[in-house]
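Me: I'm new to this structure and would like a close look at a single part of it. Could you pick one spot on the inside or the outside, stay there for a while, and then show me how it fits with the rest?

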Amino acid sequence: MKFAVLGLGEAGSRFANDLAELGHTVKGWDPNLRYLLNKSVYFAKSNVEAVKDADIIFSANEKEAALDIAREIAPFLNEKQFFCEMNTIAPDMKLSIAALLSNAKVNVIDLAIMAPVPPCQVMIVMSKHALSENMRFFTSSSETALTSGV
């Protein structure tokens, strides 16, 4: 699978590195990279470059930037992609992001990271609505996408 990780801070870099170690193609972007990346993680030139051709997009950036980043990448997304909003932001902001991305017909999933990062084996929780709407994604890829040592 092809992943994009937007925001390569403490959590995002961990997800990117673990997914790369599992053999997935990973592109990431962060305007202020501070964490080491696995040599297999491609550091893109922008958020837009990172999301092109990605199957799954993890938005793990700073909450203040979440809406602007969604607005930036929206024209480049499509109905075959999954946009996983992982930021700790208010429900109204998550709904605003989902509404903004609805024109791109991308599948928007609200994910919550349920422990500090690291340690290993961080649990990720997905909303019930997202699970029911995106069952085909999770039946085919949940083991590698969401339990990657994270």
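The reply below starts with the whole chain, settles on one residue, and then moves on to its surroundings.

Reply: Sure, but first a word on what you're looking at. This is a predicted model, so local features are used where pLDDT is at least 70 and side-chain atom pairs where it is 80 or more, while totals for chains, interfaces and linings use all residues. Residues are numbered from 1 along each chain as its sequence is written, and side-chain values use heavy atoms, with hydrogens and water left out.

Now the big picture. The chain has six helices and seven strands (DSSP runs numbered from the N terminus: H or I of at least four residues for a helix, E of at least two for a strand). Walk along the sequence and you meet them in the pattern β-α-β-β-α-β-α-β-α-β-β-α-α. Of the 150 residues, 48% count as buried (under 20% relative accessible area; exposed is over 50%, and partly exposed is in between, using a 1.4 Å probe on protein chains only). Look at contacts (heavy atoms within 4.5 Å) between residues at least 6 apart in sequence, and 62% of them join residues at least 24 apart.

The spot I'd pick is Gln81. You'll find Gln81 in the loop between helix 3 (66-73) and strand 5 (82-85). With a relative accessible area of just 2%, Gln81 counts as buried. What does the side chain of Gln81 reach? Its partner is the backbone oxygen of Ala54, at 2.9 Å. That fits the idea of a polar contact (N or O atoms within 3.5 Å; within protein, one able to donate a hydrogen and the other to accept it, with sequence neighbours counting only if both atoms are side-chain atoms). Leaving aside residues up to four places away in sequence, Gln81 touches Val51, Asp53, Ala54, Asp55, Ile57, Phe76, Val106 and Asn107.

One of those neighbours, Asp53, deserves a look of its own. Asp53 sits in the loop between helix 2 and strand 4, and its relative accessible area of 59% makes it exposed. So here's a pair to compare on your screen: Gln81 is buried, while Asp53, which Gln81 touches, is exposed. Asp53 also has a phi near 70°, a positive value in a residue other than glycine. Most residues other than glycine have a negative phi. Lys105 is another case, with a positive phi of about 60° although it is not a glycine. Look for Lys105 in the loop between helix 4 and strand 6, where it is exposed at 57%.

Step back from Gln81 to helix 3. Ala66, Ile69, Ala70 and Ile73 of this helix are buried. They cover an arc of only 100° around the axis (taken from the directions from the axis to the C-beta atoms), which puts them on the same side of helix 3. Their cover includes strand 1 (2-6), helix 2 (47-51), strand 5 and helix 4 (91-102).

Strand 1 brings us to some rings. The whole structure holds three aromatic pairs (Phe, Tyr or Trp rings, the six-membered one for Trp, with centres within 6.5 Å; planes under 30 degrees apart are stacked, over 60 edge-to-face, the rest tilted). In one of them, Phe3 and Phe58 have ring centres 5.8 Å apart and planes at 35°, so the pair is tilted. Phe3 belongs to strand 1 and Phe58 to strand 4 (residues 56-59), so the pair ties together parts that are 55 residues apart in sequence. Phe3 is buried at 2%, and Phe58 is buried at 1%. Phe15 joins Phe3 and Phe58 in one aromatic cluster.

Last, go past strand 5, to the loop between strand 5 and helix 4, and you get to Met86. Met86 is buried at 6%, and its C-alpha atom is 5.3 Å from that of Ala60, 26 residues apart along the chain. Lys94, in helix 4, touches Met86 as well as Glu85, Asn87, Ile89, Asp110 and Leu111, not counting residues up to four places away in sequence. Is Lys94 buried or exposed? At 14%, Lys94 is buried.
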